[in-house]
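User: I would like to learn how to read salt bridges and burial in a model like this one.

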Amino acid sequence: MLTRFRRIAGAFTVVRWAALAFVLLLVVLSVLAPIVVPVDPLAQDVANRLLPPGAPGHLLGTDEYGRDVLARILNGARVELLIAFGASAVAAVLGSLLGLVGGYFGGVAEFLTMRLVSDVLLAFPPVILALLIVTIYGPGEWTLIAVMGILFAPGFARIVYGQTLSVKRLEYVDAAKAFGARTSTALFRVVLPNVTAPIIVQFSLVMASAILLESGLSYLGLGVVAPAPSWGGMVASGQRYMGNDPSTILVPSIVVVFTILSFGLLADALRDLLDPRARKGSHA
Amino acid sequence: MPEKLIPTDPTPSASTAVLRVRDLSVEFGSGTDWKAVTHDVSFDVRAGETVALVGESGSGKSVTAMSVLDLLPGNARRRGTIELSGEDLIRTGAARMRAVRGSEVGVVFQEPMTALNPVYTIGTQLRDVLRAHGRLSRSEADRRALDLLRLVNLPDPERRLGQYPHQLSGGQRQRAMIAMAISGDPKLLIADEPTTALDVTAQAEILDLLLDLQAQLDMALLLITHDMGVVADMATHVVVMKDGRVVEDAPTARLFAAPEHAYTRELLDSVPFLGRSEIVERQPTVSISVVEPDVPEAMSDEAGDAVLEVRDLVIRYPGRFGEKPFVAVDHVDLRVGRGDVVGLVGESGSGKSTIGRAAIGLVPVTSGSIRVADVDLASATRTQMRSVRREASIVFQDPASSLDPRATIGASIAAPLRWNDVEKDARVRTERARELLELVRLPADWVDRYPHELSGGQRQRVGIARALAVRPSVLIADEPTSALDVSVQASVLRLLLELQAELGFSCLFISHDLSVVERLATRVVVLNRGRVEEQGDTRQILHHPREEYTRRLIQAVPVPDPVVQADRRRLRLEEATAS
């Protein structure tokens, strides 16, 4: 127990602790948004439009329709994190499955999973593919989760494929077969648990990428549908008032930057934490 | 260890020592946090002498040897003195150290495959070493490289110069490595387990070569090994290490005749000694005296019902484009009767592990048959395989890699019960795992531990417990002790014997170590390049072999007795000069 605590402490620097704190704060605040800021993020108040941050009753000011920016950031965060998490989860499941099957069976299965699906997807420019699908199916949360889930799957597939290739040659996989494990058991109960560490690290990185892409699509009006709050949408509308009120564009931009940075730092921490070489006493 | 057995200066004539190590402590760490792995190690290596540094893994023998040339990792520091012909190597500069390495002290590493650079030819690597130390022209270096390869008796040396490490056999690679090590005409040659990665026959040749070179070049030899047989064969002086300390330092003859320290005695006792261990007497197995007419001649002396029967087995691995398929097992017949322990011996590449893996269904059969519990594995259906898995089970060579690192040992042990639908209730399975742990003399409440929390010997006990979970009628043991230290090896073998007597399972014991097989097996099958050379009663095969190959195999095993080894070497050399 003590050694585990030490290991965690070793993987986290001050900056990484700050990143973890930021992400946790964001999650808690976005879930509790209606309590923290009991203001409807859609309620317009044209008389008090474009208030600067620090205005009474509006901690981060108001936008061009007089809507509270803090309420919009936090409610936006909830959608943002849900979409990013959903997309990463879909990508992780899809990609891991492709990588596992391709790596474990090889041959035709490898061609189908890694070449035909994964490599073809990687060859598409992501934004163009996203634009295409959103244009066909219309914008919205579910479309975004599906699109980004598919887009980020090859990243997982490649990592899991490589890991599976090396793990499947290890003797404990042979041992499992020798002791009667069915193929599905060997695949999901023996190989999969031994390739989870890089999946978790990749998950954190994909969260960051998903937030960035979602903001980009919302900025283009292809993500979350206005007037529902989204960070990308806020940047887009703030752009028009950049000259007289820079806070409308700065606040959501800064939030996006810090969120992505935090997930990146968390990925680094997780990588150090889960790296078997960093685990002391494992090969005594 | 309070007693100090070593006099601070074991030899008054220390001036003749090529290497003089005094109070050497190697510490790992950084800043103020240093942990010593060796403590006050002292010994001498005199000119023309072979000193063996012996110990089990973790004893600090390799660290001590590598510290002579400062080949330790960056987080290590040395305290004490290491003198090479009077020059202190600890306090010497990096440039001088580079000159010492290779030209005054040569090193041979354990695994020539990884110690040689795979992307350069033998000639290039040898030339580079030569030119790094002497001012040789290209053509001079070429000539010298060729001379060196001749000196180490590498066959066809002109062609070898242009070959890459992977084109050579293990023994040949080690010869090339030795050629490199002696290229600078060193005063001292350090050989770190030089034959551990090799087969016994290759080992004997390399050891002969090292002794021959030592005499020719008048070198001192520091040999690091865990094998008491090799020690008896080679050394004039032995330094025994345990837990980073020297526990005994004596001339070889005296050490073997009258070991002083308890640990040395324990080490010598646990070494299986080919030709000296009593063949285990077992209760007579149930035998039916009817000899089936179609049983091949070689096995007809063995009657009774077979638990595992291999007939005319061929296993071929398909070759890549344009290559011939590799025949790993070539028309092999063997049988394991009920209650029998059959030893399957051979060198690497003889196909012995392939047979073991085929018997458990891991390797497909090309032709012939393997029958386990009246099911032919070559044509078994899925359901039939299921019943085979309850009858036949396997213990793998390396418990560190054959146990799932992410599964608790309880889960690993109970897995065969779960996967073969023997026991559906998870609580009952855990209870069984606890019983099995006790069966292999481990605490029952270790079910929740992970493999990395256990030592090598403990892990192998877990491997055995897992293999016994389904109560198999035949156990395939694939070199179950070769990844373990000798003292641990002895206790694991004893456990296997006891369990075999207690539970009465049959066993196909695969090993390259004839002395281990002698202790365990009632019958022996000798394999060579996928074919059976001979098979029969253990005593008969190992003491009165019919085949030349078996005889050579037995002769090549170094036994822990300096007198026997000296005799053997004399015979071998006489034979060589006579022919």
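Analyst: The turns below take salt bridges and their surroundings. This is a predicted model in which local features need pLDDT of at least 70, side-chain atom pairs count only at pLDDT 80 or more, and totals for chains, interfaces and linings use all residues. Residues are numbered from 1 along each chain as its sequence is written, chains are lettered from A and ligands numbered from 1 in the order in which they are written, and side-chain values use heavy atoms, with hydrogens and water left out.

User: What is a salt bridge, and how many are there over all chains?

Analyst: A salt bridge is a side-chain nitrogen of Lys or Arg within 4 Å of a carboxyl oxygen of Asp or Glu. By this rule there are 42 over all chains.

User: Which parts does the pair B:Arg22 and B:Asp44 tie together?

Analyst: Helices (H or I, at least four residues) and strands (E, at least two) are DSSP runs, numbered from the N terminus. The closest N and O atoms of B:Arg22 and B:Asp44 are 3.2 Å apart. B:Arg22 lies in strand E1 and B:Asp44 in strand E3 of chain B, so the pair ties together parts 22 residues apart in sequence.

User: Are B:Arg22 and B:Asp44 buried or exposed?

Analyst: Buried means under 20% relative accessible area, exposed over 50%, and partly exposed in between (1.4 Å probe, protein chains only). B:Arg22 is buried at 8%, and B:Asp44 is buried at 4%.

User: Which residues are linked in a network in chain A?

Analyst: Salt bridges link A:Arg16, A:Asp268, A:Arg271 and A:Asp272 in a network.
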